[in-house]
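Here's a quick briefing to read alongside the structure. Have the viewer open and jump to each residue as it comes up.

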Amino acid sequence: MTTTIWARHAQLPTGMTAKVRITIAGDRIRSIDRADDPRAGDIVLPLVLPGNANGHSHAFHRAIRGRVQDTSGNFWTWRDQMYAAASILNPELYFGLAHAVFVEMVSAGFTAVGEFHYLHHGPEGRPYDNPNAMGEAVIAAAQAAGIRLTLLDTLYLAGGLSGSGHLPLDPVQERFADPDIAAWARRVGDLSDSPGCRIGVAAHSVRAVPREALLQLASVAGPRVIHAHVSEQPAENAASTLVHGLTPTQLFDHSGLLSERFTAVHATHLTRDDIRRLGQARAFICMCPTTERDLADGIGPARRLADAGARITLGSDEHAIIDPFIEARALEMHERLESGERGRFTLDELSVAMSSAGYASIGWPEGGALAPGALADLVAVRRDSVRTVGTRAAQIVYTASAGDVTDVMVGGEFVVRDGTHRAGNPALLLGKALQRLRTA
């Protein structure tokens, strides 16, 4: 099947371009040509962007949006409330919640997601009859929602890290953990790539994975992408330095994990040496600005990381907000607040962070670009809303929001058309899923 789209403006790798025809064959873009006018059979769209990748998601965190934001405390007190939500879920409930979250995500303009998955087992850590029942529920939810998924199955072995060493798991964390890295590797080995889904791996953090397991992770991961939470909190850095004599970044480096396949999530509290190492490795850095400010985590050194050679991507993490435009703006605006300067990231850099870099970081290097041969994933945005009217096409990232997304195509098929997701209203789906969760 061939589809042709005529876009008044389109974000091509060379920049925002007026009047282009995009020809799609199957799940790929076949050609892109300049065309002054649409022709019969063209689908006419006002402004087309490459598909956006959400590089870091915890779908179940969506259950506590708007229920924890007004409390005092910090990341650690918030974590207790997140654990309470995790304790309720089973495969059936998780499918319903994740499906609704992914529908919300696609409707907002995300076409691919890296799901940082560590909610593996049943209460008290008892495996389900199918040890991957929770992961398979997430995969099925993404397929039903029409979003590309990388399931980042996460190694989680310890309850935390203090100056005296790793802590035992608390009761809720037992659901997250496998007995050891060999058991985790066997379970992950039973997962495989499928249409629209790829399997990656993650180390939860140096808090949850002892050094001896980190030393084995690279060989277990093989060619898969590897993600990890890195230096989200100063306390993590202090404990790592006390126990290992190394910062988290240095520990990942000494374990052979820093590479072009590695994504450091957050990377908020880094030393100059950390930045140098991540840059030299050409690692990805997944910034999650709306989460980092919601949890009072801090502002990471995004510009310095990019200048060192690291590649910046974006994620919505806890889903306090699901909106690729807000995340991209926040990357720049946080830099402005930190530096006292404007224009810290160019529009092209923001576009790459939203799209092609994000796709590559979660193991889809053929996506996130409007170019011949690329995956036919794209997002159309209106330019006549109260937010976007009068905006220059190239500056749409500074004015648009999720509410301005009209059409979303994934793999050559429209999942959202004229503002309506094929699965229905995401608010209704979320309402039903959350009601079931809260009465379980």
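Let's start with Thr154, which is buried at a relative accessible area of 0%. This is a predicted model, so treat each point below as a statement about a prediction. Thr154 belongs to strand β7, residues 148-155.

**Around Thr154**

- Which residues does Thr154 touch, once those up to four places away in sequence are set aside? They are Phe116, His117, Tyr118, His120, Trp184, Ala202, Ala203 and His204.
- With a relative accessible area of 0%, Thr154 falls under the 20% cut-off for a buried residue.

**The whole chain**

- The protein chain carries 14 helices and 18 strands. Its radius of gyration is 21 Å, close to the 22 Å that the globule rule gives for 440 residues, so the chain is as compact as a globular protein of that length.
- Along the principal axes, the C-alpha atoms of the protein chain fill a box of roughly 70 × 45 × 45 Å.
- Of the 440 residues, 60% count as buried.
- Take the contacts between residues at least 6 apart in sequence: 72% of them join residues at least 24 apart.
- About 16,500 Å² of the protein chain is exposed, and carbon and sulfur atoms supply 51% of that area.

**Helix α14**

- Helix α14 runs over residues 426-438, which makes 13 residues. From first C-alpha to last it reaches 18 Å, close to the 18 Å expected at 1.5 Å a residue.
- Which residues of α14 are buried? They are Pro426, Leu430, Ala433, Leu434 and Leu437. These five sit on the same side of α14, because they cover an arc of only 95 degrees around the axis.
- The background is simple: an α-helix has 3.6 residues a turn, so residues three or four places apart point the same way.
- Leu428 and Lys432, on the other side of α14, are exposed.
- What do the buried residues of α14 pack against? Their partner is α2, residues 91-108.
- Asn425 caps the N-terminal end of α14, with a side-chain oxygen 2.8 Å from the backbone nitrogen of Ala427.

**Helix α6**

- In helix α6, residues 234-244, the buried set is Glu236, Asn237, Ala239, Ser240 and His244. They cover an arc of only 170 degrees around the axis, which puts them on the same side of α6.
- The buried residues of α6 pack against three strands' worth of names to look up, β8 (160-162), β9 (165-167) and β11 (226-230), along with the helices α5 (211-221) and α7 (248-254).
- Just after α6 comes Gly245, which takes a positive phi of about 70 degrees.

**Positive phi outside glycine**

- Some context first: most residues other than glycine have a negative phi.
- His266 has a phi near 80 degrees, a positive value in a residue other than glycine. It lies in strand β12, residues 262-266.
- Is His266 buried or exposed? At 1% relative accessibility, His266 counts as buried.
- Ala296 has a positive phi too, near 60 degrees, and again the residue is not a glycine. Ala296 sits in the loop between α9 (289-294) and α10 (302-308).
- Ala296 is exposed, because its relative accessible area of 63% is over the 50% cut-off.

**Two partly exposed residues**

- Ala18 has its place in strand β2, residues 15-25. At 30% relative accessibility, Ala18 counts as partly exposed.
- Leaving out residues up to four places away in sequence, Ala18 touches Arg8, His9 and Arg34.
- How far apart are the C-alpha atoms of Ala18 and Gly300? They are separated by 35 Å, with the two positions 282 residues apart along the chain.
- Ser194 lies in the loop between α4 (181-189) and β10 (197-203). At 28% relative accessibility, Ser194 counts as partly exposed.
- Ser194 and Leu149 are 45 residues apart along the chain, and their C-alpha atoms are separated by 9.8 Å.

How values were computed: Residues are numbered from 1 along each chain as its sequence is written. Side-chain values use heavy atoms; hydrogens and water are left out. Helices (H or I, at least four residues) and strands (E, at least two) are DSSP runs, numbered from the N terminus. The expected span of a helix is 1.5 Å times one less than its number of residues. Buried means under 20% relative accessible area, exposed over 50%, partly exposed in between (1.4 Å probe, protein chains only). The arc is that of the directions from the helix axis to the C-beta atoms. Contact means heavy atoms within 4.5 Å. A polar contact is a pair of N or O atoms within 3.5 Å; within protein, one must be able to donate a hydrogen and the other to accept it, and residues adjacent in sequence count only if both atoms are side-chain atoms. The radius of gyration is taken over C-alpha atoms; the globule rule is 2.2 Å times the number of residues to the power 0.38. Accessible areas come from the Shrake-Rupley method with a 1.4 Å probe; for residues, only the protein chains shown count as cover.
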